[in-house]
Amino acid sequence: MERKEISKSVLKRLPGYLAYLKTLSNETNAYISATALANALGMGEVQVRKDLAMVSDGGRPKIGYLRESLIDDIEQFLGYDNTNDAVLIGAGKLGLALLGYSGFDDYGLNILAAFDAAPAVTVTDSGKPVLTMDKLESFCKSNKVRMGIITVPAVHAQSVCDQLIASGIKAIWNFAPTHLDVPSHILVQNENMATSLAVLSMHLQAQMKEKK
C-alpha cells in the first residue's frame, strides 16, 4: 500500500501491536480483528482500527486481518525489513550491553561499530569494532551511516551529538539524561531512564495509598 504520513504517537504504538501479534501461536486463528487486538492490549478499539488502517489495507469486515500479512505490513512500514546501520558512541557498560544485544536484528537495526574517547577494548565479544573518536567522521561517511546512538555521560552528550551531526548523522537515539540542541532536520529520540523510573515510582506510590 502507499506509505502515508503518520504521527509519532502512532509510530510508538505500532511496535506494541507487532510484539503482541508475534506472541500468538500458529495454532490460533489465522485472522485477528482490531477489536481483539484492542481488547488484548487494553486499548481503544477505534484507535487501534485507525492505526492499523494507516499501515495495512488487508482488513476485512467481520473477518479482520490475516495475522501473518499484518505482521509483514507493520514490519515493512516500520522499516524492519531494511537494515538501518548505526554507530554507537560511548563504549561503557551500557554501550557494550547494547552492542551485544542480538535482538536489534529483529527491528532492522545493525550497529556497525562503537566509538569512545579512550576505548578499553578494540573488539567486543560480539565482534563489533570499538574505534577512537577521531575515526568517527570518516567511518560514517564511507559507510553512509545516518543513525547514531549516544550512551556517554550527560556532560559529554552535546559535544558527541555535534560530532555525529558533522559526520552526516540524521537521527539520534539518545540514552544520556540531558537535552540535546540540534538543527530542525535532525531527529532525536530520547530514552530517559530517570523519567521512566519516576513514572513507575509515582504509580507504585498511588497504588500503596489506595490500599491504605
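Lys62 sits in the loop between α3 and β2. Helices here are DSSP runs of H or I with at least four residues, strands are runs of E with at least two, and both are numbered from the N terminus. Lys62 is exposed, at 91% relative accessible area. Exposed means over 50%, buried means under 20%, and partly exposed lies in between, with a 1.4 Å probe and protein chains only. The phi of Lys62 is positive, near 65 degrees, in a residue other than glycine.

This is a predicted model, in which local features need pLDDT of at least 70, side-chain atom pairs count only at pLDDT 80 or more, and totals for chains, interfaces and linings use all residues. Residues are numbered from 1 along each chain as its sequence is written, and side-chain values use heavy atoms, with hydrogens and water left out.

**The α3–β2 loop and its patch**

Ile63 is also placed in the loop between α3 (45-55) and β2 (65-66). Ile63 counts as partly exposed, at 48% relative accessibility. Together with Tyr31 and Leu66, Ile63 forms a nonpolar surface patch of about 270 Å² accessible area. Patch members have over 30% relative accessible area and no salt bridge; nonpolar side chains (Val, Leu, Ile, Met, Phe, Trp, Tyr) are joined within 5 Å, like charges within 9 Å. A salt bridge puts a side-chain nitrogen of Lys or Arg within 4 Å of a carboxyl oxygen of Asp or Glu. Areas come from the Shrake-Rupley method with a 1.4 Å probe; for residues, only the protein chains shown count as cover.

**Aromatic pairs**

The whole structure holds four aromatic pairs. Rings of Phe, Tyr and Trp (its six-membered ring) pair if their centres lie within 6.5 Å; planes under 30 degrees apart are stacked, over 60 edge-to-face, and the rest tilted. Two of the pairs are set out here.

| Pair | Centre to centre | Angle between planes | Class |
|---|---|---|---|
| Phe115 and Phe139 | 5.5 Å | 70 degrees | edge-to-face |
| Trp173 and Phe175 | 4.9 Å | 45 degrees | tilted |

Phe115 belongs to strand β4 (residues 109-116) and Phe139 to helix α6 (residues 136-143), so this pair links distant parts of the chain, 24 residues apart. Phe115 is buried at 0% relative accessible area. Phe139 is buried too, at 17%.

Trp173 is partly exposed, at 21% relative accessibility. Its partner Phe175 is buried, at 13%. Ring pairs join both of these residues with Tyr101 and Phe104 in a cluster. Phe175 lies in the loop between β7 (171-174) and β8 (187-190). Leaving out residues up to four places away in sequence, Phe175 touches Leu94, Leu98, Ile149, Ile150, Thr151, Glu191 and Met193. Contact means heavy atoms within 4.5 Å. The C-alpha atoms of Phe175 and Leu37 are 31 Å apart, with their positions 138 residues apart along the chain.

**Helix α6**

The buried residues of α6 are Leu136, Phe139 and Cys140. They share one side of α6, because they span an arc of only 95 degrees around the axis. That arc is taken from the directions from the helix axis to the C-beta atoms. An α-helix has 3.6 residues a turn, so residues three or four places apart point the same way. The cover over the buried residues of α6 includes β3 (84-89), β4, β5 (130-132) and α7 (154-166).

Lys144 follows α6. Lys144 lies in the loop between α6 and β6 (147-150). Its phi is positive, near 55 degrees, in a residue other than glycine. Lys144 is exposed, with a relative accessible area of 65%.
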